[in-house]
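Subject: Structure handover

Hello,

Here is the structure I promised to pass on. My notes on it follow below.

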Amino acid sequence: MITVKYVTEKKQFKSITVTGHALSNVKGKDLVCAAVSAVTIGCINALKNPQDFHIIVAEGHVDVQALRNILDHDQIVLETMLISLKSIEESYANYIKIIS
């Protein structure tokens with residue numbers, strides 16, 4: 001199962017961590033994993049000031065930690081990421097869980 005954990009403080013993102021594998025199909029054909037990966041990496045690539053974050057990307061693990069107050073643009077990118085992941089969770093609740 002994929003687990004998404006996020007922390008906000010005063011409506012500002014402090015961290016978001018995505019770990020695990022969906023295991024909804026065999027490796028290379030797992031559409032849930034592919035969707036989560038595409039959303040997560042796409043949003044990381046869309047951050048305007050990535051230097052405001054400590055970002056770790058590894059097999060089955062992505063961690064984004066805000067190092068300081070972030071730009072409104074980057075806040076919106078992270079909100080969009082969470083909304084997109086919640087949409088995936090609505091359709092595939094057996095494979096992804098989001099925890100605040």
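**What I found**

Met81 sits in helix H2, which spans residues 72-91. Please keep in mind that this is a predicted model. Met81 is buried, with a relative accessible area of 0%. Leaving aside neighbours within four places in sequence, Met81 is in contact with Ile16, Val18, Val39, Thr40 and Cys43. Glu9 lies 72 residues from Met81 along the chain, and their C-alpha atoms are separated by 17 Å.

**Overall layout**

The chain has 2 helices and 5 strands. From the N terminus, the order is β-β-α-β-β-α-β. The radius of gyration is 13 Å. That agrees with a compact globule of 100 residues, which would come out near 13 Å. Along the principal axes, the C-alpha atoms fill a box of roughly 40 × 25 × 15 Å.

Of the 100 residues, 38% count as buried. Take the contacts with a separation of 6 or more: residues 24 or more positions apart account for 54% of them. The exposed surface of the chain is about 6000 Å². Carbon and sulfur atoms supply 54% of that surface. On charge, there are 10 positive and 10 negative. Their mean positions are 2 Å apart.

**Cysteines**

How many disulfides does the structure hold? The count is 0. Why is there no bond between Cys33 and its closest cysteine sulfur? The sulfur of Cys33 is 16 Å from that of Cys43, and this is too far for a bond. A disulfide needs the two sulfur atoms within 2.5 Å. Seen from Cys43, the closest cysteine sulfur is in Cys33, again at 16 Å and too far.

Both side chains are covered. Cys33 counts as buried because its relative accessibility is 16%. Cys43 counts as buried too, at 11%. The cut-off for buried is under 20%. Cys43 is also among the contacts of Met81.

**Strand S1 and its partners**

Thr3 lies in strand S1. Thr3 is buried, at 18% relative accessibility. Apart from neighbours within four places in sequence, Thr3 is in contact with Thr17, Val18, Thr19, Lys97 and Ile99. Thr3 and Val18 are 15 residues apart along the chain, and their C-alpha atoms are separated by 5.7 Å. Val18 appears in the contacts of Met81 as well.

**Loops**

Four loop residues are worth a look.

- Lys11 lies in the loop between strand S1 (2-9) and strand S2 (12-19). Its phi is positive, about 65°, although Lys11 is not a glycine. Lys11 is exposed, with a relative accessible area of 75%.
- Leu23 is in the loop between S2 and H1. Leu23 also has a positive phi, near 60°, and is a residue other than glycine. Is Leu23 buried or exposed? Leu23 is exposed, with a relative accessible area of 65%.
- Asp52 is placed in the loop between helix H1 (31-46) and strand S3 (53-58). Asp52 is buried, at a relative accessible area of 9%. Not counting residues up to four places away in sequence, Asp52 touches Gln65, Ala66, Leu67, Arg68, Asn69 and Ile70.
- Gly60 is in the loop between S3 and strand S4 (61-66). Gly60 counts as partly exposed, at 23% relative accessibility. Which residues does Gly60 touch, not counting those up to four places away in sequence? They are Val18, Thr19, Gly20 and His21. Gly60 and Ile2 are 58 residues apart in sequence and 8.5 Å apart in space, C-alpha to C-alpha.

**Where to start**

I would begin with Val18 on screen. Val18 is listed among the contacts of Met81 in helix H2. Val18 is also in contact with Thr3, and Gly60 touches Val18. From there, go on to Asp52, the buried residue in the loop between H1 and S3. Then look at the two positive phi values, at Lys11 and at Leu23.

Best wishes

Definitions and conventions. Residues numbered from 1 in each chain as written. Predicted model: local features only at pLDDT ≥ 70, side-chain atom pairs only at ≥ 80, totals over all residues. Heavy atoms only, no water. Helix = DSSP H or I, 4+ residues; strand = E, 2+ residues; numbered from the N terminus. Rg over C-alpha atoms; globule rule 2.2 N^0.38 Å. Buried < 20%, exposed > 50% of the residue type's maximum accessible area, 1.4 Å probe, protein only. Contact = heavy atoms within 4.5 Å. Areas by Shrake-Rupley, 256 points an atom, 1.4 Å probe, with all protein chains shown as cover. Lys, Arg positive; Asp, Glu negative; His and termini not counted. Charge placed at Lys NZ, Arg CZ, Asp CG, Glu CD.
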